[in-house]
Amino acid sequence: FTMVRMFGFDGLANPPLWSLYVEVLFYLVAPVFVVLITPLNRRSRIAIFIAAALGLLLVDFAGPRELALWKYFFFGFLASELTDVWRDRASERMSVVLFFVGFVLLVLDLGFGEIWFSNLMNAIFTKNGLPLIMPRGGGANPDFTFGLGVAAMFLIVGVSLSNGKLCQSLSARPLRYLGVVSYRVFLWHSIVIMADLGDAGMAFSAQGLLMSGPNLGHAPIWFLPLVMVSAILTVSIASFVLIQRPFLHLRPGTYEPPSERQP
């Protein structure tokens, strides 16, 4: 009801809600885009998805910085197309390799950010005599790296093609329950952190987590896994059980608990 950030207003009452208006704006445009590309063959669609992602990488939006995330939606389109292309001839080994490649790229992105991918692209372009210089990350938004999109695409395709041990390991009941409450974790984590450490001047902004006030020093090593993570999971599970699940059950047959689904 109050997605005013899309009009340039600074800040949100609950910072994680930034994702909602990005999705709403995208899904207002996506149907038109899909209608236009549906008559094309798969090769043409894949080329358009790659071109769109590259174009969005090189262009900065005038407005809230989160709109730079639109390029990641096209990695989702691309992952869907590649899954369809490889489904009939993909082996379990191929799915594991793709997943492993995505995992390695994700580690690289977490460890080196935009630098490794930008350097790789610049080396490729220079070797082929092309003058294009790949910006770090995405122009003025280096936090949202192109390498992250590539990593996520390989992870999604690898999991989607798996029918064996990879799929079974990711379908373990604890992970499935964590998946059920994962969006609640996303929505509640900042509130729990601010409630726990608010006296120190903790606040979320467009630039991330900010601290002011007295120096807290370092918390014990067990604090994060045993206290903070446990508190966030507890609040998230309670939110799901007491709020979301009753609403899901208002329409019989529309909700199937994870314990009853097939892996």
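Leu 242 is placed in helix H9, which spans residues 223-248. In this predicted model, Leu 242 counts as exposed, because its relative accessibility of 64% lies over the 50% cut-off. Leu 242 also contributes to a nonpolar surface patch. The other members are Ile 237, Val 241, Ile 243, Phe 247 and Leu 250. The patch covers about 630 Å².

Aromatic contacts were examined next. A pair of aromatic rings is described by the distance of the centres and the angle of the planes. Searching the whole structure yields twelve aromatic pairs. One of them joins Phe 26 and Phe 73, with ring centres 3.9 Å apart. Their planes meet at 10°, under the 30 degrees limit, so the pair is stacked. This contact links distant parts of the chain. Phe 26 belongs to helix H1 (residues 18-37) and Phe 73 to helix H3 (residues 70-86). The two residues are 47 residues apart. Phe 26 is buried, because its relative accessibility is 5% and the cut-off is 20%.

A further pair is formed by Phe 33 and Phe 49. Here the ring centres lie 6.2 Å apart, within the 6.5 Å limit. The planes stand at 45°, so this pair is tilted. Phe 33 lies in helix H1, whereas Phe 49 lies in helix H2 (residues 42-58). The pair therefore ties together parts that are 16 residues apart in sequence. Phe 49 is buried, with a relative accessible area of 3%.

Both pairs fall within one aromatic cluster. Its members are Phe 26, Tyr 27, Phe 33, Phe 49, Phe 73, Phe 74 and Phe 77.

Note on methods:
Residues are numbered from 1 along each chain as its sequence is written. This is a predicted model: local features need pLDDT of at least 70, side-chain atom pairs count only at pLDDT 80 or more; totals for chains, interfaces and linings use all residues. Side-chain values use heavy atoms; hydrogens and water are left out. Rings of Phe, Tyr and Trp (its six-membered ring) pair if their centres lie within 6.5 Å; planes under 30 degrees apart count as stacked, over 60 as edge-to-face and the rest as tilted. Helices (H or I, at least four residues) and strands (E, at least two) are DSSP runs, numbered from the N terminus. Buried means under 20% relative accessible area, exposed over 50%, partly exposed in between (1.4 Å probe, protein chains only). Patches are made of residues with over 30% relative accessible area and no salt bridge: like charges are joined within 9 Å, nonpolar side chains (Val, Leu, Ile, Met, Phe, Trp, Tyr) within 5 Å. Accessible areas come from the Shrake-Rupley method with a 1.4 Å probe; for residues, only the protein chains shown count as cover. A salt bridge is a side-chain nitrogen of Lys or Arg within 4 Å of a carboxyl oxygen of Asp or Glu.
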